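Here are some notes for a colleague who is opening this entry for the first time. They are set out as numbered points, to be read with the structure in view.

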Amino acid sequence: MSMQESSGVALWRQVADGIERGIADGRFAAGEKLPGEVEIAETYRVNRHTVRRALAALAERGLVRAERGSGTYVEAQRLAYPLRSRTRFSEIVGAGGHEPRGQFIDAGEDVATREIARELGLKTGAPLIRIESVRLADRTPICVSTTWLSAERFPDAGSVFAAVRSMTKLLAHYDIKDYRRSSTRITAAIADATDAARLDLALGRPVLVVDATDVDIADKPLVTKRSRFAAERVEFLVENT
């Protein structure tokens with residue numbers, strides 16, 4: 001494919017338009033690594049400076065992202081994720097036209113730190129069940145979560161979650177039909193090696209850390225969790241209801 005500027009369109013723009021068409025028609029899927037600069041330059045018969053300018057323009061528009069030492073990737077469309085009193089991962093993902101999935105990683109015994117005890121209304125050192133999981137939209141990891149529950153109130157919760165892969169279904173197993181979010185705190189961090197691997201992220205990528213506690217209809221704490229969301233895959237929408 002040879003390009004000329006006789007059409008009045010700059011070469012870098014023609015390259016950018018060609019790559020954008022490839023993204024639109026599915027030749028380059030969301031999250032996929034683009035060919036290298038040399039290969040793109042050979043495909044369009046331009047120099048690497050022209051390719052770099054084209055990729056920079058696409059990055060400014062949010063269509064691609066460059067990762068140092070790795071390459072350039074097609075940017076996935078962010079999942080709109082409302083934060084409200086009734087926050088349900090499966091409902092949010094399903095409403096966005098995706099299939100919600102849950103992966104059980106591990107569960108075990110733990111003891112309540114002062115902070116977790118305060119959130120769950122327990123004494124420091126109280127026995128807990130800790131559950132590690134990954135939540136996905138289709139096949140794309142969205143967040144990894146660590147969830148704590150009272151071992152006394154929810155005996156064998158780890159085994160139940162391993163079977164149902166859903167916190168809503170786990171609570172229903174213990175006859176809790178409804179619950180709501182009582183508090184949410186959001187901070188930013190860099191994914192550690194474990195979270196990066198579980199989220200299929202390059203090392204050094206940002207995550208949004210959501211600390212949240214859910215309560216039953218009588219306002220009694222049920223679970224508290226720390227979720228790490230891939231920042232490039234979600235867009236939080238804070239709602240007042």
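What volume does the largest pocket have?

1. The largest pocket has a volume of about 630 Å³, and this value, like the others below, should be read with the knowledge that the model is a predicted one. Of the 26 residues that line the largest pocket, those closest to its centre are Ala30, Ala76, Gln77, Thr140 and Arg233.

2. On the origin of this lining, domain 1 (11-74) and domain 2 (79-238) each contribute at least three residues to the largest pocket. Among the strands, strand 1 (64-67), strand 3 (79-83) and strand 6 (140-150) each supply at least two residues of that lining. Sorted by class, the lining of the largest pocket consists of twelve nonpolar, five polar and nine charged residues.

3. The second largest pocket has a volume of about 420 Å³, and of the 29 residues that line it, the closest to its centre are Tyr81, Phe89, Arg135, Met167 and Lys225. The lining of the second largest pocket divides into twelve nonpolar, nine polar and eight charged residues.

4. As for the overall layout, the chain is divided into domain 1, which covers 11-74, and domain 2, which covers 79-238. The C-alpha centres of domain 1 and domain 2 are 36 Å apart, a separation that the reader may wish to keep in mind when returning to the largest pocket, whose lining draws on both domains.

5. Turning to the interior, the largest nonpolar core has 17 residues, and Val15, Ile19 and Leu34 are those with the most contacts inside it. Helix 1 (11-24), helix 2 (37-44) and helix 3 (48-60) each supply at least two residues of this core, and helix 1 gives the most to it, with five residues. A second core, separate from this one, has 15 residues, including Ile131, Tyr174, Tyr179 and Val223.

6. Is arginine 65 buried or exposed? Arginine 65 has its place in strand 1, and it counts as buried because its relative accessibility is 13%, whereas the limit for a buried residue is under 20%. The side chain of arginine 65 also makes a polar contact, at 2.9 Å, with the side chain of glutamate 67.

How values were computed
Residues numbered from 1 in each chain as written. Predicted model: local features only at pLDDT ≥ 70, side-chain atom pairs only at ≥ 80, totals over all residues. Heavy atoms only, no water. Core = buried A, V, L, I, M, F, W, Y, C linked by side-chain atoms within 4.5 Å. Buried < 20%, exposed > 50% of the residue type's maximum accessible area, 1.4 Å probe, protein only. Helix = DSSP H or I, 4+ residues; strand = E, 2+ residues; numbered from the N terminus. Domains from an automatic or database assignment. 1 Å grid on protein atoms, 1.4 Å probe; cavity = no way out; pocket = protein on both sides within 12 Å on 5 of 7 lines; lining within 4 Å. Points joined across faces, edges and corners; volume = space filled by probe spheres on them. Nonpolar A, V, L, I, M, F, W, Y, C, P; charged D, E, K, R; others polar. Polar contact = N/O pair within 3.5 Å; in protein donor to acceptor, adjacent residues only side chain to side chain.
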